[in-house]
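Work through the exercises below with the structure in view. Try each task before reading its solution.

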Amino acid sequence: MPFAPGVHFLEPTIPLYVYEADEPGPSALIQAGIHGDEVAGVHALQEMLEDGLRPARGRLLVCPVMNPRAYRARQRAAVDGLDLNRMFPGDAASEDWERRLARKFMDLVEDERPDLMATLHESTKRYDPEADRPTFGQTIVYGVEPRPPIVDRTVARLNAHFTTAQERWDPHYFPVSTSSTEVIVDAVGCVGLCIETWMGFEERHRITMQKKVVELLLDDLGVRPL
């Protein structure tokens, strides 16, 4: 059953903000901080909520800090913890906090069945299609073919806004069957995207870019037209 509008808690310290517009429409779920050392998305969502981020149509769910234990440590995973992004679909009976949280989040998405789920990430290496090992900075990552059309539209709009060579965005097909995004896409059939800013930029600029990506995705979906 979908969540009622308001603030809910997946764990005592993990707020989930649920907003519903008067006009019906699609739904979007945006989350950040699943890795604790990727802070720009966390700050972007917190700032957007403070500035009055609300849907004009449909529903909007925002989880700014998915993994507070890792975020407090500014590490990918919590001290002595597990990589939350690899714990899905989770296990409510597990001794591991990350597996229990993953199960709660899976219950959320299975109840809500959003049209779009976007996870805000960051990468230490800028995208280079010729690199021997995959790199991700400045990409919108998707894991299913054909590529969701919203990816190309959003990339084009980002590149019209951020115009230097280093700021350039690219689509990046990189399926990882064990990632939270792909597990969720397989379960509910939504569009699932990972947004990856490059940590070579100053934090303030990365926050600005993350906010712009969220704005453009919600505009494209029709949840919050610009």
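The exercises concern a predicted model, and they deal with its sheet and then with its helices.

**Exercise 1.** Find the order of the strands in the sheet, and determine which strands stand at its edges.

Solution. Begin with the pairing in general: strands of a sheet pair through backbone hydrogen bonds, either parallel or antiparallel. Here eight strands make up an open sheet, and their order is β1-β2-β4-β3-β5-β8-β6-β7. The pairing is mixed. β1 (6-9) and β7 (170-173) each have a single partner strand, so one side of each lacks a neighbour in the sheet; these are the edges. From one strand to the next, the twist averages 25 degrees.

**Exercise 2.** How many bridges join β3 to β4, and which residue of β4 is the bridge partner of A28?

Solution. Strand β3 covers residues 23-32 and strand β4 covers residues 57-63. The two run parallel and are joined by six bridges. The partner of A28 is L60.

**Exercise 3.** Classify the crossing of α4 and α6 by its angle, and list the residues in contact.

Solution. Take the axes of α4 (residues 149-161) and α6 (residues 203-221): they come within 10 Å and cross at roughly 135 degrees. Angles over 145 degrees would count as roughly antiparallel and 65 to 115 as roughly perpendicular. The angle therefore makes α4 oblique to α6. The crossing is right-handed. On α4 the contact is made by I150, R153, T154, R157, L158 and H161, and on α6 by K212, V213, L216, L217, D219 and D220. Sorted by type, the contact residues are five nonpolar, two polar and five charged.

Definitions and conventions: Residues are numbered from 1 along each chain as its sequence is written. This is a predicted model: local features need pLDDT of at least 70, side-chain atom pairs count only at pLDDT 80 or more; totals for chains, interfaces and linings use all residues. Side-chain values use heavy atoms; hydrogens and water are left out. Two strands pair if DSSP finds at least two bridges between them. Helices (H or I, at least four residues) and strands (E, at least two) are DSSP runs, numbered from the N terminus. Axes are lines fitted to C-alpha atoms, for helices over the stretch in contact, and angles run from 0 to 180 degrees between N-to-C directions. Angles under 35 degrees count as roughly parallel, over 145 as roughly antiparallel, 65 to 115 as roughly perpendicular and the rest as oblique. A crossing is left-handed if the near helix is turned anticlockwise from the far one by less than a right angle, and right-handed if clockwise. Contact means heavy atoms within 4.5 Å. Ala, Val, Leu, Ile, Met, Phe, Trp, Tyr, Cys and Pro count as nonpolar, Asp, Glu, Lys and Arg as charged, and the others, Gly among them, as polar.
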